[in-house]
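Student: I'd like to walk through this fold with you, strand by strand and then over the surface. Can we look at it together?

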Amino acid sequence: MTIKSEEIVDILRKQLEGFEPQTQIEEMGHVISVGDGIAKVYGLSKAMSSELLEFPNKIMGMVMNLEKDTVGAVLFG
């Protein structure tokens, strides 16, 4: 028994029909400063090292430095 690629495509299209991705903000912080591609952010008490963050304008960053009240994040963009 062989499965045709068109059949697979049809099945995938039916499964994806009407799919709407949902995002959920878990925690929101405030950018205190930005310089040399590093952002210092206040208010992310649940952040973990190497966690990805999304900043305004779809700029992504990665948590690198965890401090008591702030985190330092490397910006990718």
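Student: How many bridges join β2 to strand β5?

Tutor: Keep in mind that this is a predicted model. Strand β5 covers residues 70-76 and runs antiparallel to β2. Within that pairing, Y42 stands opposite T70 in β5. The number of bridges joining β2 to β5 is 5.

Student: Which residue in β2 does V31 stand opposite?

Tutor: Here we turn to β1, residues 30-35, which pairs with β2 in the antiparallel sense over 5 bridges. Look across from V31 into β2, and the residue you meet is V41.

Student: Which side chains of β2 point to the buried face?

Tutor: In a regular strand the side chains alternate between the two faces of the sheet. Strand β2, residues 38-42, follows that alternation. I38, K40 and Y42 point to one face and are not buried. The buried ones, on the other face, are A39 and V41.

Student: Which residue in the hairpin of β1 and β2 takes a positive phi?

Tutor: That hairpin has 2 residues between the strands. The one to look for lies in the loop between β1 and β2, and it has a phi of about 55 degrees although it is not a glycine. It's D36.

Student: And K58, is it buried or exposed?

Tutor: K58 also has a positive phi, about 60 degrees, although it is not a glycine. You'll find K58 in the loop between β3 and β4. Its relative accessibility is 67%, and the cut-off for that class is over 50%, so K58 counts as exposed.

Student: On to the surface. How much accessible area does the nonpolar patch have together?

Tutor: The patch is formed by M1, I3, I8, L12, L16 and F19. One of them, L12, is found in helix α1, residues 5-16, and is partly exposed with a relative accessible area of 45%. Together, the patch residues have an accessible area of about 760 Å².

Student: Which strand gives the most to the lining of the largest pocket?

Tutor: Rolling a probe the size of a water molecule over the atoms shows where empty space is left. The largest pocket has a volume of about 660 Å³. Of its 19 lining residues, the closest to the centre are I25, E27, M28, L53 and E54. With 4 residues in the lining, the strand that gives the most is β3, residues 52-55.

Notes
Residues are numbered from 1 along each chain as its sequence is written. This is a predicted model: local features need pLDDT of at least 70, side-chain atom pairs count only at pLDDT 80 or more; totals for chains, interfaces and linings use all residues. Side-chain values use heavy atoms; hydrogens and water are left out. Buried means under 20% relative accessible area, exposed over 50%, partly exposed in between (1.4 Å probe, protein chains only). Two strands pair if DSSP finds at least two bridges between them. Patches are made of residues with over 30% relative accessible area and no salt bridge: like charges are joined within 9 Å, nonpolar side chains (Val, Leu, Ile, Met, Phe, Trp, Tyr) within 5 Å. Accessible areas come from the Shrake-Rupley method with a 1.4 Å probe; for residues, only the protein chains shown count as cover. A salt bridge is a side-chain nitrogen of Lys or Arg within 4 Å of a carboxyl oxygen of Asp or Glu. On a 1 Å grid over the protein atoms alone, a cavity is a set of points where a 1.4 Å probe fits but cannot get out, and a pocket is an open set with protein on both sides within 12 Å along at least five of seven lines; lining residues have an atom within 4 Å of a point. Grid points are joined across faces, edges and corners, and a volume is the space filled by probe spheres set on the points.
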